Amino acid sequence: MIVLNQDLRVVTASRSFYEVFQVKPKETVGELIYDLGNKQWDIPKLRELLETILPQMGMDAAATELIQFAAPMHDLGKIGIPDKILLKPSRLSPLEWEIMKKHTLIGAEIMKDSDIELLQIGEVIALTHHEKWDGSGYPAGLKGEEIPLSGRIVAIVDVFDALCSVRPYKDAYSLEESLVIIHNGSGNHFDPAVVDAFFEILDEIRTIKLHYESSAQQINEMGEFKSLLSQYRENFAPPKAF
């Protein structure tokens with residue numbers, strides 16, 4: 001079973017994370033996680049959407065850049081969730097859903113207590129991007145402005161991207177359908193101020209979406225890292241470990 005190593009704060013299985021990814025110990029907390037979030041899990045569309053909406057929310061250039069590069073690590077904790085759950089083509093059972101929700105805690109645990117500002121923001125986003133404005137989200141049931149602004153902003157961008165993308169359990173929604181869901185989520189799922197900012201830049205959002213559709217650059221969140229993990233499992237990990 002995958003566990004969190006409290007000393008290294010990395011995900012391990014039957015072999016050391018250092019051995020699997022051939023990295024030096026000093027890289028694990030900083031450079032490695034940055035690489036996983038921003039190269040192996042490259043989500044350029046997510047970054048472009050954030051680059052557009054963050055200034056609308058009053059973020060300066062430095063804060064915008066920081067959140068842009070931290071946000072792709074929002075689902076880092078999914079490396080601790082079994083593939084049979086991540087890739088299930090149908091609705092999750094109640095037990096599977098409880099396991100899936102733990103990815104927020106796993107991701108935050110991986111990045112916690114870092115001295116690196118990027119990882120500090122990444123931890124906050126990983127932990128809070130599934131919280132909801134009305135308090136019905138997870139993992140902590142935070143409500144309203146109890147949710148950090150970075151988490152509130154990434155939440156709407158993440159949901160919009162998920163709605164417009166193909167997933168194992170669904171086809172992509174149209175832009176119009178996605179916008180209706182975002183609009184209806186104002187005041188319950190999403191911070192109303194963030195929803196307002198989102199619709200103020202709707203032309204830019206349309207352009208970004210069309211760009212990635214037409215250029216076939218839309219990629220799966222797990223992307224290249226999933227291939228690395230699968231290769232690791234084939235070569236090193238006993239099947240029952242996962």
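**View 1. The largest nonpolar core, with 46 residues.** Let's start on the inside of this predicted model. Within the core, the residues with the most contacts are L50, I53, I153, I156, F160, I182 and F198. Helix α9, which covers residues 149-164, supplies the largest share of this core, with 8 residues. As a bit of background, nonpolar side chains in soluble globular proteins tend to be buried together.

**View 2. F160 and its contacts from elsewhere in the sequence.** Here we zoom in on F160, one of the core residues with the most contacts. If you skip its neighbours within four places in sequence, F160 touches L49, L175, S178, L179, I182, F198, I205 and K209. Two of the names on that list, I182 and F198, turn up again in the next view.

**View 3. Helices α10 and α11 side by side, with axes coming within 10 Å.** Helix α10 runs over residues 175-184 and helix α11 over residues 192-200, and their axes cross at roughly 150°. An angle over 145° counts as roughly antiparallel, and α10 and α11 are therefore roughly antiparallel to each other. On the α10 side, the contact is made by L179, I182 and H183, while α11 brings V195, F198 and F199. Sort the residues of this contact by type and you get 5 nonpolar, 1 polar and no charged.

**View 4. Helix α7, tucked into the rest of the structure.** This helix spans residues 103-111, and 8 of its 9 residues are buried, so α7 is largely enclosed by what surrounds it. The buried ones are H103, T104, I106, G107, A108, E109, I110 and M111.

**View 5. D113, just after α7.** Now for a spot in the loop between α7 and α8, which is where D113 sits. Its phi is near 60°, a positive value in a residue other than glycine. D113 has 59% relative accessibility, so it counts as exposed.

**View 6. A cis peptide bond from Y138 to P139.** Omega for this bond is near 10°. P139 belongs to the loop between α8 (117-128) and α9.

**View 7. Stepping back to the whole protein, with 13 helices and 2 strands.** Of its 242 residues, 48% count as buried. Take the contacts between residues at least 6 apart in sequence, and 62% of them join residues at least 24 apart. On the outside, the protein exposes about 11,900 Å², and carbon and sulfur atoms supply 53% of that area.

Conventions. Residues numbered from 1 in each chain as written. Predicted model: local features only at pLDDT ≥ 70, side-chain atom pairs only at ≥ 80, totals over all residues. Heavy atoms only, no water. Axes fitted to C-alpha atoms, helices over the stretch in contact; angles between N-to-C directions. Helix = DSSP H or I, 4+ residues; strand = E, 2+ residues; numbered from the N terminus. Parallel < 35°, antiparallel > 145°, perpendicular 65-115°, else oblique. Contact = heavy atoms within 4.5 Å. Nonpolar A, V, L, I, M, F, W, Y, C, P; charged D, E, K, R; others polar. Core = buried A, V, L, I, M, F, W, Y, C linked by side-chain atoms within 4.5 Å. Buried < 20%, exposed > 50% of the residue type's maximum accessible area, 1.4 Å probe, protein only. Areas by Shrake-Rupley, 256 points an atom, 1.4 Å probe, with all protein chains shown as cover.
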